[in-house]
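Me: I'd like to learn how to read a fold from its helices and strands. Could you walk me through one?

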Amino acid sequence: MPDAHLEFWPPRMPTSLPLPTTSIPHNLEVSARRYPGRPAIVYYGAEITYRRLLEESRLLAGYLQRKAGLSRGDRVLLYMQNSPQFVVSYYAALMCGGVVVPANPMLLTEELEHYVGDSGARLALVGQELLPRLLPLAGKDGLERMVVAAYSDYLPPEPEVPVPAEAAAPREDVREEGVVLWEDALREGTPPGEVGSGPDDVALLPYTSGTTGRPKGCVHTHRTVQATLVGAGLWVNLNPASVALATLPLFHVTGMQHSMNAPIYYGGTIVLMTRWDR
């Protein structure tokens, strides 16, 4: 491999890394044990500790596994804007051995139909403002159940900065066949059973933009996701005192890895914005 770039390599930065052989949710479990009371997420002023993030991820995982029938290898469509529920959903699905299928919040029903049909997703975790686009697919291509989240449930009584309309919207009492409210899912949830996902189990199925034909799923294992999140954090000197401003969309691998997964691995804090507002 050419090594001319090493002349410009930062001092003290390793040129290769041993990769973890553990699963992605193991990262959250470790940070929650090390720093239980530290804020994992700050959402417009509301602090969500590592203890709470792990607890809610486990409750949702228990619901998905025991009530919704999510099994190892099942695909889970994650169709939300940046929010605490996105983070909880991501880790909950992986705790069950599921495969996260992140979807751009700008996708419309016809585009979502391709994602659902191609991936084989049986379950969806969706923001309430996006639910109308997904409801027409209920019962199609095996999509059996949707857990719907209102971002405003995680806002503080008096947000520190202006909140976008999607995040400020009050919770709607949605009563549709196959639709479960977020708080009901957590209330019914119990800790999930042991799954034991390994480094070579599939964890993530993000889709390409579809430049040549329809979007195609890119298969990532726990090992390949770990590779970029560990390296990304090391490159920008992440540590337990770090605070990362998360403005990039979490459905995209750049925001997902640099703004969510890497800070959680290193025990830092994510300042989370649903929409970028300079």
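Me: Let me start with one helix. Which are the buried residues of helix 8?

Reply: Happy to help, and keep in mind that this is a predicted model. The buried residues of helix 8 are His222, Val225, Gln226, Leu229, Val230, Ala232 and Gly233. A residue counts as buried when its relative accessible area is under 20%.

Me: How should I read the spacing in that list?

Reply: Here is the general idea: an α-helix has 3.6 residues a turn, so residues three or four places apart point the same way. In this case, the buried residues of helix 8 cover an arc of only 165° around the axis, which puts them on the same side of the helix.

Me: What covers the buried residues of helix 8?

Reply: The cover includes helix 1 (24-34), helix 3 (84-95) and helix 9, together with strand 8 (202-204) and strand 9 (220-221).

Me: How many residues does helix 8 have, and how far does it reach?

Reply: Helix 8 spans residues 222-235, which makes 14 residues. From first C-alpha to last it reaches 20 Å, close to the 20 Å expected at 1.5 Å a residue. After the helix comes asparagine 237, with a positive phi near 60°.

Me: Now the sheet. What is the order of its strands?

Reply: It is an open sheet of 4 strands in the order 2-1-11-10, and the pairing is mixed. Strand 2 (46-49) and strand 10 (243-246) are the edges, each pairing on one side only. On average, neighbouring strands are turned by 20° against each other, direction ignored.

Me: Which residue stands opposite isoleucine 41?

Reply: That would be isoleucine 48 in strand 2. Strand 1 (residues 39-43) and strand 2 run antiparallel and are joined by 4 bridges.

Me: Which helices pack on this sheet?

Reply: Helix 2 (residues 50-67) packs there, touching strand 1 and strand 2, and its direction makes about 70° with that of strand 2. Helix 9 (residues 253-266) also packs on the sheet, touching strand 10 and strand 11 (269-272), with an angle of about 155° to the direction of strand 11.

Me: One last residue: is isoleucine 264 buried or exposed?

Reply: Isoleucine 264 lies in helix 9, and it counts as buried because its relative accessibility is 0%. Leaving out residues up to four places away in sequence, isoleucine 264 touches Asn27, Leu28, Ser31, Tyr50, Leu53, Val87, Tyr91 and Ile270. Isoleucine 264 and proline 240 are 24 residues apart in sequence, yet 9.0 Å apart in space, C-alpha to C-alpha.

Key: Residues are numbered from 1 along each chain as its sequence is written. This is a predicted model: local features need pLDDT of at least 70, side-chain atom pairs count only at pLDDT 80 or more; totals for chains, interfaces and linings use all residues. Side-chain values use heavy atoms; hydrogens and water are left out. Two strands pair if DSSP finds at least two bridges between them. Helices (H or I, at least four residues) and strands (E, at least two) are DSSP runs, numbered from the N terminus. Axes are lines fitted to C-alpha atoms, for helices over the stretch in contact, and angles run from 0 to 180 degrees between N-to-C directions. Contact means heavy atoms within 4.5 Å. The expected span of a helix is 1.5 Å times one less than its number of residues. Buried means under 20% relative accessible area, exposed over 50%, partly exposed in between (1.4 Å probe, protein chains only). The arc is that of the directions from the helix axis to the C-beta atoms.
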